[in-house]
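Subject: A structure for you to look through

Hi there,

Here is the structure I promised you. Have it open while you read, and follow along at your own pace.

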Amino acid sequence: MFKNVQELVQQAEDQNKKLYEIMIEQEVELTEKSREEVISRMAKQYQVMKNSAVKGLEGVTSYSGMTGGDAKKMDAYIKNGDILTDSTLLKAVSYAISINEVNASMGLICASPTAGSSGVLPAVVLALQDKLGMDDEMTMMHLFTAGAFGFVIANNAFISGAAGGCQAEIGSASAMAAAAAVEMAGGTPTQAAHAMALALKNMLGLTCDPLAGLVEVPCIKRNAAGASNAIMAAEMALAGIETKVPWDEVISAMYNIGLAMPVTLRETSLAGLAVTETGKMWKEKLL
Amino acid sequence: MKYRSVFDIIGPVMVGPSSSHTAGPVRIGQIARRLFDAQPEKIVVRLYGSFAETYKGHASDVAVVGGILNYETDDPRIPDSLFKAKELGIDVSFVKEDAVPEHPNTMEITLSRGDDNIDIAAISIGGGVVRITKLNGFPLKLSGENPAILIFHKDAYGAIAGVASTLAANKINISGMDVSRIEKGDIALMTIETDQPVSDNLINAITKKENILRVITLSE
């Protein structure tokens, strides 16, 4: 069993196995389910992710009516072809927005690790699947890679905005996605861990101060930020860039920052964006 | 370890918008219903901390009632659960509490039907994972993921040993056990999580034992 990133990477390197293998083996051991059951359950999660990634591209409106339709705009912009960067990156952005718009419409999503951050990991994995021409079965295995890092973060820090701010949600999701991206691209377990830490460091200190307490503003676009950040971190790690602060120390830092964060900035809508003039207006209107 | 499975992280599959404030309350509602083991006539939900500030926007209200109606986290009927409850003649009320809770996502639920009622307190710790922290005022730690038996008993010699030996004789393995009491020598609550489900016959046998006051089961 692995308790931290160091142990996770060590086990994968020592046994010359992929990170997703280590996660599957642990799941089988801890939950006493068969390998087939575990993999087929993940295949279901993957299918829900895939459906929600494209559903929002058609245009959905949130339960509150505050947001929606932005994934559709992004999709049209990419198809138009006149883009500044790269279509893989922008596809990830459009999927991330799509999934979180579907979430805000009370549609069906797979939390990863939470609902508010559910767009990040699928967006990265699905955009890279297109880019690398990987089949569904192999792509889906990398959700275990992401899950392994999420498991460590959740048990050593937190993954809810109410406990640790947005850094615990989008930050964790971005870190998980970065690691999965590296393994999908053929990087080593060590590189995946560096990508995880590089991504998480960039998200430290992010507060959870959504308008009217809804998982909409700024959450939906922050999923796009988390996905882009994950791809950037993965590219850096694949280039050989390493984190100066060791992997598990970065997770501890996230934990300490969350503990120090005032409760007004932890999913209570009592500060930050939530109490701007616009924030107050929406709260008045919706609650 | 707060999280044991990779599907606590990659999951649950759920109706949005929040795992801690929507899926979590669905699961809390489900456990409350399973502990009460009947459709309530009255539901009172008291909300604390982040739940109190944001429950409407996160649809925590329809979620917890959906759970009490036995809906799963991915049930598309969740948004309409309050209408359904009304249709079933269930009286539902929500109370926003000002007290600062130990955990930011805390709620208390009272379910009643005639003279029968149950009080639980629960927290939603993130990613849809929840813990029941109190039952009728007695502190406990219950994940709702394993079968469990909750036994109110007189705080007397032999009460615990009697239950444990009955379980052992029936080849039921105990995976977790906890005893709590409010005052010494008064009433205590024994919480036993088991690897195997416990049959009704066995529950009846335990209920008849000396010093046992009330037995509540939580099946899988």
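Start with helix 1 of chain B, residues 19-36, which lies across strand 4, strand 5 and strand 6 (129-135) of chain B. Its direction is at about 150 degrees to strand 5 of chain B. Helix 3 of chain B (residues 60-68) packs on the sheet too, touching strand 2 (42-48), strand 3 and strand 4 of chain B. The angle between helix 3 and strand 2 of chain B is about 140 degrees. Please keep in mind throughout that this is a predicted model.

Now for the sheet itself. In which order do the strands of this open sheet in chain B stand? The order is 3-2-4-5-6-7, making 6 strands with mixed pairing. Strand 3 (91-96) and strand 7 (138-142) of chain B are at the edges with a single partner strand each, so one side of each has no neighbour in the sheet. From one strand to the next, the twist averages 20 degrees. Further in, strand 4 (residues 105-113) and strand 5 (residues 116-126) of chain B run antiparallel and are joined by 8 bridges. If you want one pair to find on screen, try B:Glu108, whose bridge partner in strand 5 of chain B is B:Ala121.

Next, the domains. Chain B is divided into domain 1 (6-142) and domain 2 (148-218), and their C-alpha centres lie 26 Å apart. Where they meet, 10 residues of domain 1 are in contact with 9 residues of domain 2 of chain B. Which strand gives the most to the domain 1 side of this contact in chain B? That is strand 7 of chain B, with 5 residues. Helix 1 of chain B also supplies at least two residues there. By class, this side of domain 1 of chain B has 7 nonpolar, 1 polar and 2 charged residues.

There is a hairpin to look at in chain B as well, formed by strand 9 and strand 10 with 5 residues between them. Strand 9 (residues 174-181) and strand 10 (residues 187-194) of chain B pair in the antiparallel sense over 7 bridges, and B:Ile174 has B:Thr194 as its bridge partner. In the turn, B:Gly185 has a positive phi of about 80 degrees.

The two chains touch each other through 48 residues from chain A and 36 residues from chain B. Helix 7 of chain A gives the largest share of the chain A side, 8 residues. That side divides into 29 nonpolar, 15 polar and 4 charged residues. The chains also pair through strands: 3 bridges join strand 1 of chain A to strand 1 (residues 13-15) of chain B, and these two run antiparallel. Look there for A:Ile109, whose bridge partner is B:Met14.

Last comes the largest nonpolar core, which has 164 residues. Among those with the most contacts inside the core are A:Val124, A:Ala177 and A:Ala195. Helix 9 of chain A (residues 166-184) gives the most to this core, with 13 residues. Domain 1 and domain 2 of chain B both give residues to this core, so the core lies between them. For a close look, choose A:Ala195: the residues it touches include A:Ala178, A:Val182 and A:Ala237.

Enjoy exploring, and write back with any questions!

Best wishes

Notes:
Residues numbered from 1 in each chain as written. Chains lettered and ligands numbered in written order. Predicted model: local features only at pLDDT ≥ 70, side-chain atom pairs only at ≥ 80, totals over all residues. Core = buried A, V, L, I, M, F, W, Y, C linked by C-beta atoms within 7 Å. Buried ≥ 20, exposed ≤ 12 C-beta atoms within 10 Å, placed from the backbone. Helix = DSSP H or I, 4+ residues; strand = E, 2+ residues; numbered from the N terminus. Domains from an automatic or database assignment. Contact = placed C-beta atoms within 7 Å. Pairing = 2+ DSSP bridges. Axes fitted to C-alpha atoms, helices over the stretch in contact; angles between N-to-C directions. Nonpolar A, V, L, I, M, F, W, Y, C, P; charged D, E, K, R; others polar. Lists of a residue's contacts leave out its neighbours within four places in sequence.
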